[in-house]
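These are my notebook entries on one protein chain, written down in the order in which I looked things up. The sequence and the structure come just below, and my notes follow.

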Amino acid sequence: MADPKGFLTTDREVAETRPVEERVQDWNEVYKPGSLLPIISKQASRCMDCGIPFCHNGCPLGNLIPEWNDYAYRNDWTAASERLHATNNFPEFTGRLCPAPCESACVLGINQPPVTIKNVEVSIIDKAWDSGDVTPQPPERLSGKTVAVIGSGPAGLAAAQQLTRAGHTVAVYERADRIGGLLRYGIPEFKMEKRHINRRIEQMRAEGTKFRTEVEIGRDIDAKKLRKRYDAVVVAAGSTTSRDLPVPGRELNGIHFAMEYLPLANKVQEGDLTVSPISAEGKHVVVIGGGDTGADCVGTAHRQGAASVTQLEIMPKPGEERNANQPWPTFPMLYKVTSAHEEGGERVYSVNTTHFEGDEDGNVQWLHLVEVDMSGGRPEPKPGTERKIPAQLVTLAMGFTGIDKTNGLVEQFAFGLDERGNVARDADYMTDVDGVFVAGDAGRGQSLIVWAIAEGRSAAKGVDRYLTGVNSALPAPVRPTDRALTV
């Protein structure tokens with residue numbers, strides 16, 4: 001245990017953000033560089049090394065949180081990094097992007113603010129990179145087996161790295177021009193600078209993983225031909241079909257899916273574009289959807305110089321304390337103020353969009369909405385609450401409905417889908433097509449980055465077992481209460 005009295009003597013502190021007026025002028029990460037290290041040892045000391053560490057169960061990866069907290073407290077950063085990587089391929093991703101269900105499950109959180117697990121995690125991995133503790137881990141010998149991974153998001157990258165280290169020859173296929181999936185083009189630079197992805201890709205290249213960009217399986221390469229070429233295939237193509245809003249006026253110019261808007265902003269930061277073709281500059285922006293993707297749109301609009309930003313959510317405003325039906329250690333739905341919300345804008349809850357209104361040139365100008373009552377489980381309009389708000393740019397950030405079914409991938413593999421439109425799989429993550437596995441959002445549905453990495457690791461274990469015919473030694477999360485769907 002780090003400090004037997006740490007949780008009694010030390011209050012919770014979190015990473016310090018840069019001033020709003022400063023950070024909205026650039027696209028760098030919002031946190032002050034170096035602000036964590038002076039406080040992290042004390043924060044790690046708050047970990048109680050519980051007899052039953054519920055944080056393990058709260059984390060889909062089963063991270064060994066008390067162990068690396070103890071090492072961080074003792075400033076043994078090398079050991080802390082080893083313990084962190086034992087369960088997580090990319091802690092610099094999760095430490096920046098995960099909503100930290102582990103903190104919701106922290107035992108200290110029963111009656112005090114929980115341990116700052118996420119901040120400790122990112123401090124350990126940043127220190128490890130700075131000190132040279134993160135090095136390539138190529139396999140000692142090759143198996144002679146080949147694997148194709150479709151998609152280079154967190155699930156695909158995790159599966160590829162695990163299988164490469166097991167000795168298999170792995171090629172990752174990505175339809176975009178750069179590796180990273182939604183990490184690259186869906187997550188704004190101010191949440192995670194892309195240099196973190198780039199150095200992981202270089203590590204994986206040094207280990208032997210091959211990358212093929214601008215290749216879309218189903219269009220550029222027939223999926224069945226790919227299966228014949230490789231001994232196994234992992235489908236980690238994500239849940240990329242955006243949920244639409246079929247209301248009058250949807251066809252007006254200026255209404256875009258979030259995943260049309262955000263990638264273009266990221267391409268500007270990559271140097272591919274000077275100015276985004278979809279820019280919020282000088283416009284009244286409305287973001288439909290109250291989740292993390294919506295918040296990403298809000299922060300992006302601020303940096304592009306929007307005249308105003310309004311975020312709409314159909315559900316009621318969450319509370320700041322747990323509801324009785326979301327007791328500890330479950331992950332509760334709480335009111336959350338992200339860095340993007342700190343920067344300005346208005347958040348409106350319990351409203352539904354009825355239609356859009358445009359000008360004579362076909363450009364959206366107004367969004368009409370009505371307040372709704374969700375007490376019955378469905379949105380019921382409240383008479384007399386209709387109104388309109390200015391909207392010259394609208395982004396739809398209402399989530400995703402499943403794997404892309406338009407590019408030939410699903411049709412050519414002809415694997416089964418579950419009732420939610422996701423790819424069905426067995427307990428080893430294999431679909432009903434022999435040797436074809438699925439991991440991440442393509443099989444699970446829209447979820448968290450930490451789940452994507454966990455699924456990639458679990459699928460890799462299933463692939464390794466399939467290729468070798470013996471029980472795989474690859475580590476993977478064991479979650480008997482959350483088994484994969486049965487084909």
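**Entry 1: an open sheet**

In what order do the five strands of the open sheet stand, and is their pairing parallel or antiparallel? Before answering I note that I am working with a predicted model. Reading across the sheet, I wrote down the order E3-E2-E1-E4-E14, and the pairing is parallel. I marked strand E3 (210-213) and strand E14 (436-438) as the edges, because each has a single partner strand and so one side of each is left without a neighbour in the sheet. From one strand to the next, I noted a twist that averages 20 degrees.

I then followed the pairing at the E14 edge, where strand E4 (residues 232-235) runs parallel to E14 and is joined to it by three bridges. In this pairing I found Val233 opposite Val436 of E14. Helix H19 (residues 449-468) packs on the sheet, where I saw it touch strand E1 (146-150), E4 and E14, and its direction makes about 165 degrees with that of E14. As background, I reminded myself that strands of a sheet pair through backbone hydrogen bonds, in either a parallel or an antiparallel way.

**Entry 2: strand E13 and Leu396**

Next I turned to strand E13 (residues 393-396), which contains Leu396. I looked up its pairing and found that strand E5 (residues 255-257) runs parallel to E13, with three bridges between them, while strand E6 (residues 284-288) pairs with E13, also in the parallel sense, over four bridges. On the E5 side, Phe257 stands opposite Leu396, and on the E6 side the bridge partner of Val285 is Leu393.

Which way do the side chains of E13 point? Leu393 and Thr395 point one way and Val394 and Leu396 the other, and all of them are buried. I put next to this the general rule that in a regular strand the side chains alternate between the two faces of the sheet.

For Leu396 I wrote down a relative accessible area of 3%, which is why I list this residue as buried. Leaving out residues up to four places away in sequence, I found that Leu396 touches Asp244, Leu245, Arg250, Ile255, His256, Phe257, Ala258 and Ile288. I also compared Leu396 with Gln412, and the two are 16 residues apart in sequence and 30 Å apart in space, taken from C-alpha to C-alpha.

**Entry 3: helix H6 and a pocket**

I then looked at the second largest pocket, for which I noted a volume of about 330 Å³. Its lining is made by 19 residues, and those nearest its centre are His85, Ala86, Gln137, Gln162 and Arg165. Helix H6 (77-85) and helix H10 (154-165) each supply at least two residues of this lining, and H6 gives the most, with three residues.

Which residues of H6 are buried? I listed Trp77, Ala79, Ala80, Ser81, Arg83 and Leu84. These buried residues of H6 pack against helix H3 (37-44), helix H5 (65-73), helix H7 (91-97) and helix H9 (117-131).

**Entry 4: cysteines**

How many disulfides does the structure hold? I counted zero. To see why for Cys55, I looked up the closest cysteine sulfur, which belongs to Cys47 and lies 6.3 Å from the sulfur of Cys55, too far for a bond. A disulfide would need the two sulfur atoms to be within 2.5 Å. I also checked the surroundings, and Cys55 is buried, with a relative accessible area of 8%, while Cys297 counts as buried at 1% relative accessibility.

**Entry 5: backbone details in loops**

Last, I went through three places in loops. The peptide bond from Trp328 to Pro329 is cis, with omega near 5 degrees, and Pro329 has its place in the loop between strand E7 (308-313) and helix H16 (339-342).

Ser350 has a positive phi of about 55 degrees although it is not a glycine, and I located Ser350 in the loop between strand E8 (346-349) and strand E9 (351-358). Its relative accessible area is 18%, so I entered Ser350 as buried, since buried means under 20%.

Tyr429 is likewise not a glycine, yet has a positive phi of about 70 degrees. I found Tyr429 in the loop between helix H17 (409-413) and E14, and at 11% relative accessibility Tyr429 counts as buried.

Key:
Residues numbered from 1 in each chain as written. Predicted model: local features only at pLDDT ≥ 70, side-chain atom pairs only at ≥ 80, totals over all residues. Heavy atoms only, no water. Buried < 20%, exposed > 50% of the residue type's maximum accessible area, 1.4 Å probe, protein only. Pairing = 2+ DSSP bridges. Axes fitted to C-alpha atoms, helices over the stretch in contact; angles between N-to-C directions. Contact = heavy atoms within 4.5 Å. 1 Å grid on protein atoms, 1.4 Å probe; cavity = no way out; pocket = protein on both sides within 12 Å on 5 of 7 lines; lining within 4 Å. Points joined across faces, edges and corners; volume = space filled by probe spheres on them.
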